[in-house]
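Trainee: Could we take a close look at a single part of this model together? I would like to start from one pair of strands and then see what surrounds it.

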Amino acid sequence: MDWQALRLSLLLASLTVVILVPIAIFSGRRLALSKRKSLPIIEAMIALPLVLPPTVLGFYLLSAFGRSSPLGQIWQSVFGHTLAFSFEGLLLASIIVNIPFAVQPIQRGFEAVPQELREAAACSGMSPLMSLWKIELPLAWPAVLTGAVLTFAHTLGEFGVVLMVGGAIPGETKTIAISIYDKVQSFNSSSAAQMSAVLLAVSITTITLTFLMSRKIGRRLS
Amino acid sequence: MTLSVRLKADLPIALDLSFEVKAGEMLALVGPSGSGKSTVLRSIAGLFHPAQSEVTANGASWSGLPTHQRRVGMVFQSYALFPHLTTLGNISIALKETGEARTIEARRLLKLVGLSDVANRLPAELSGGQQQRVAIARALARKPDVLLLDEPFSAVDRPTREILYKEIEALRSELSMPVILVTHDMDEAQRLADRMAVIDKGRLVCQGSLAEVALDPRAMRVLGLRETGAVLTARVKAQETDGLTRLEHPAGVLFVPQIREEIGTEVKLRLLAHDVMLASQRPSEISALNVIEGTVLSITPGDGPGAMVRLDAGGEILLARITRRSVAALGLNEGSKCFAVLKSLAIARDRVHR
């Protein structure tokens, strides 16, 4: 059992959720309210990580993070190490890969809040930020939760992008999914089975909790 | 605390109108669906932005202000209550007060609309009438400079509407601000409003007292002939034992289904033009109880078989819509004497108001 890899995966997944969900709330709400003609194009760009093979996505991220890219150079000069093959690089890649998993459910959640309620909030003297905090978020909460859980679960299981961008440096970029692969490669199937079982248990627990909570909230509001 | 409104737009709906509402006055904005009456309310609230808009409330210009900076109280057609907040929560969220003052004010408003016993219920657990009262209390919570009511009675059944009308009437002393009621129901407008403005295709067709608007041919064209009717002023004379109330009018005695008003009270009756029959002789042995004498002022033939006859009945104008065939058969002309016949039961209770 590779506890280090599990710890790393949980840390990566938690940080991805903490950073991505607030971004997804603001962008998801904007998209839900947007009437621009270019909306389908923006939505397509957001959905892109869903359809792109992880290796292709990983390849482009690796190029963007590498020493020859502007981003990679700035990172190198500020922090003294490369962005690629580091935990920070892995986190950034994880955030980008998970954009559709967080944004799409949250956008749907805000779309489901009747426009009239936003108008009533404004007529009651609430600024757009207050309306978001007091009215829209409490109503779109199950969707936000879904976005967070999907992001978390997906980060735990991401393999291709992690391998491309992070390599498999123990304690730095070697996540549990990669560790399982390594163990199978080295014929340590009992360890692989153990870790798979832990991942399965974590996944079942989070997804069940989500459904229970959104059901409860949904019943309260209907 | 007057509200003055001037709006102009071409898209997506044509608007070109201006009007004023005085403090404490209720203006009914009446018009067919799609006439732009809701858009006018939304423009005042800042939820819709016409190309040109000048809204001045309580001496301050609202032009360019976002909705939440306009002190406006709005009751939406479907109430738009916040589903995750209790009755009390829906009201206190719109209050400016903080701490204990907030709770006290919220409770006062709850009591005002008679909902103290359902303070902790969610909107989904309230009846339609209760939801509407929450919406009104929430709109008043902001101490608005303008109160806007967007067809607030359309989502409740008739008996509930009757109760809510009475409550709005009772609340009027609390409503010191200009109030605009959007409705397509003439009876509702007559009952609640002080003044009426008829809107069609984004323009004001006419405005004035209900009696004035009721007789305005331009309003008739917009509101339809079936809604056309004149308003007579009569005085309660006696309560009969058979469930009728006797009214006195300069042109004659009128019997209507019992109305609960003191003897001597002045009431207004809206008599729909198609409920009025005309006769050249005073009819006798007829079931209709009300026969009043009048003089023909004008006869306006319609496009179809009908004609609108305006009568002078004891100094007030009465409208009768009869066929052109009957006009010819009775030999009616301007200045002719004739008798208007009204079935008592055609004068529904909701068309008689103080």
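Which residue in S10(B) is the bridge partner of Val198(B)?

Mentor: Happy to help! A word on the ground rules: this is a predicted model, where local features need pLDDT of at least 70, side-chain atom pairs count only at pLDDT 80 or more, and totals for chains, interfaces and linings use all residues. Residues are numbered from 1 along each chain as its sequence is written, while chains are lettered from A and ligands numbered from 1 in the order in which they are written.

Now to your pair. Val198(B) has Cys206(B) as its bridge partner in S10(B). Strands here are DSSP runs of E with at least two residues, helices are runs of H or I with at least four residues, and both are numbered from the N terminus. Strand S9 of chain B covers residues 195–200, strand S10 of chain B covers residues 203–208, and the two run antiparallel, joined by 5 bridges. Two strands count as paired if DSSP finds at least two bridges between them. The hairpin of S9(B) and S10(B) has 2 residues between the strands, and Lys201(B) takes a positive phi there, near 50 degrees.

Let us follow chain B to its sheets. One open sheet has 5 strands in the order S13-S12-S11-S14-S20, with antiparallel pairing. At its edges stand S13 (252–257) and S20 (352–353) of chain B; each has a single partner strand, so one side of each lacks a neighbour in the sheet. Within chain B, S11 (residues 229–239) and S14 (residues 266–272) run antiparallel and are joined by 7 bridges. Arg235(B) finds its bridge partner, Glu266(B), in S14(B).

Another open sheet of 5 strands in chain B follows the order S15-S19-S16-S17-S18, and its pairing is antiparallel. Its edge strands are S15 (276–279) and S18 (316–323) of chain B, each with a single partner strand, so one side of each is left without a neighbour in the sheet. On average, neighbouring strands of this sheet are turned by 45 degrees against each other, direction ignored; axes are lines fitted to C-alpha atoms, for helices over the stretch in contact, and angles run from 0 to 180 degrees between N-to-C directions. S15(B) and S19 (residues 337–342) of chain B run antiparallel with 4 bridges, and Val276(B) stands opposite Leu342(B) in S19(B).

Stepping back, chain B holds 9 helices and 20 strands. Its radius of gyration is 23 Å, close to the 20 Å that the globule rule gives for 354 residues, so chain B is as compact as a globular protein of that length. That radius is taken over C-alpha atoms, and the rule is 2.2 Å times the number of residues to the power 0.38. Of the 354 residues in chain B, 42% are buried, where buried means 20 or more other C-beta atoms within 10 Å of a residue's own, exposed means 12 or fewer, partly exposed lies in between, and C-beta atoms are placed from the backbone.

Finally, chain B meets chain A, which has 10 helices and 0 strands. Here 16 residues of chain A are in contact with 17 residues of chain B, contact meaning that C-beta atoms, placed from the backbone, lie within 7 Å. On the side of chain A that touches chain B, H6(A) gives the most, with 6 residues.

Methods: Two residues are in contact if their C-beta atoms, placed from the backbone, lie within 7 Å.
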